[in-house]
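The following note sets out some points on the model shown here. They concern the ligand shell, a sheet and the nonpolar core.

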Amino acid sequence: MTSSRYSDSIEACAAHYGSEAAAVRAYMLEGEKRAYELENRGPLRFTDDGSLHQDILAAYSKYGFYVFEGVIGSEEMNDIHEDIAELRSRFPTNSKSDVDAQGRPALGSDCTGPALLWSKPLSDPMGGTAVANGRHQVKLKDLDAGTDAPTEAPFILMGSLQFSEAALRVYGHPGLLKAAASVNGEDFAPFNEVLFIKDAGLGAAVSWHQDGDTHWDNPDFDEDIHGFNFMAQVYGSTPVNGVWVVPGTHKQGKIDINAMVAESGSERLKDAVPIVCDAGDVVMCNRQLVHGSFANAGLEPRLTINFGFHKRSSVLNVKGAGIHSPVSVYTDDVIKERSKVIGYAISARQNQYPDEQPYAYQPFMDDDEPYEWNTDAKAGLKDYNLMDLSI
Ligand SMILES: O=C(O)CCC(=O)C(=O)O
């Protein structure tokens with residue numbers, strides 16, 4: 001039997017699957033072992049010209065994901081924990097409520113754009129639905145969260161940088177922004193930012209999907225055309241609660257996931273591996289990779305600070321897909337306005353970590369605007385996600 005540091009959690013999870021328990025256990029143990037056999041993890045490393053080390057770029061290109069280990073140190077992690085606790089205290093009491101548990105106006109209650117999404121515990125709310133242009137082609141198994149579980153649990157916090165300064169500071173991390181420039185060019189553009197909240201015993205599934213929408217039939221299609229997401233882990237990511245990916249699928253165009261499930265004989269895609277990593281690690285995950293996460297029926301929570309970047313050429317003068325934000329054409333002005341958050345994030349980070357060399361974002365180099373993080377800038381971020389660059 002393969003050993004695992006997550007054995008107890010895998011057992012707890014497998015027990016939810018009834019007659020499939022043994023298959024789930026074996027899948028998670030074998031997947032974890034195969035994940036650690038891939039050569040796609042290590043610290044952020046750069047060459048003298050500031051590019052990501054070629055070994056990292058090669059591994060990212062081969063597998064479609066890379067685990068940057070130890071990006072967030074203990075001081076920053078403490079800051080994130082405090083911020084998340086405060087943020088959660090401002091969540092509405094339920095999906096219909098406008099107030100938090102202390103009766104204050106809840107986080108997001110004054111927003112026009114989407115903020116906190118809820119889901120039924122251990123369900124798969126998106127699989128097999130038309131949500132996001134039907135990208136979640138198959139429905140994963142809904143699990144029983146037990147009679148003590150609440151009827152709904154927080155799931156995804158959209159437009160997260162307007163609510164969490166700790167997430168904003170992670171967004172301004174110079175090493176991560178350098179990595180973004182290395183993959184998407186120095187004039188890279190933002191995508192969107194969310195928190196994925198997968199509380200232990202409650203967190204919902206995100207069915208298998210590929211994220212891209214706009215460029216599948218583009219004659220200039222390539223593996224990077226729909227960008228990537230950084231996934232910064234606050235508690236770590238396990239075979240039970242983590243995102244699973246099918247390495248290499250980001251190069252294959254739009255994939256029939258129903259056919260993959262049929263070929264695998266179950267929702268457990270046979271070539272998939274879990275993204276396993278520790279708190280403080282940050283994953284770079286190609287949006288075209290087939291990926292998804294099962295309901296978190298295990299013992300550890302996962303909270304991912306998710307933020308993506310695009311190549312400018314993928315969004316400039318492109319009509320958005322209307323998935324993350326209302327449909328519009330991403331002119332130079334729109335991209336500039338949406339990119340302001342990069343400038344604010346760099347400033348917010350510099351305020352907190354004055355000894356760190358801040359990232360110099362090339363599109364703002366000849367700009368007179370100071371992009372200073374202050375109360376006006378904070379107010380200006382309200383509903384900024386209505387301009388997410390959705391492709
Ligand atoms: O974190 C998760 O569970 C899902 C992440 C995902 O699907 C995405 O970032 O596109």
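1. A residue counts as near a molecule or strand if its C-beta atom, placed from the backbone, lies within 6 Å of it. On that basis, the ligand is surrounded by F196, V206, D211, N229, V243, H291, S293, T304 and N306. Two or more residues of this shell come from each of β11 (291-293) and β12 (302-310); strands are DSSP runs of E of at least two residues, helices runs of H or I of at least four, numbered from the N terminus.

2. The model is predicted: local features need pLDDT of at least 70 and side-chain atom pairs pLDDT 80 or more, while totals for chains, interfaces and linings use all residues. Residues are numbered from 1 along each chain as its sequence is written.

3. An open sheet runs in the order β6-β11-β8-β9, with antiparallel pairing (strands pair if DSSP finds at least two bridges between them). β6 (206-209) and β9 (273-274) are the edge strands; each has a single partner, so one side of each lacks a neighbour in the sheet. β8 (residues 243-245) pairs with β9 over 2 bridges, and V245 has V273 in β9 as its bridge partner.

4. V245 is also in contact with F65 (C-beta atoms, placed from the backbone, within 7 Å). Leaving aside neighbours within four places in sequence, the other contacts of F65 are N40, I275, V283, M284, C285, N286 and L289.

Terms used
Contact = placed C-beta atoms within 7 Å.
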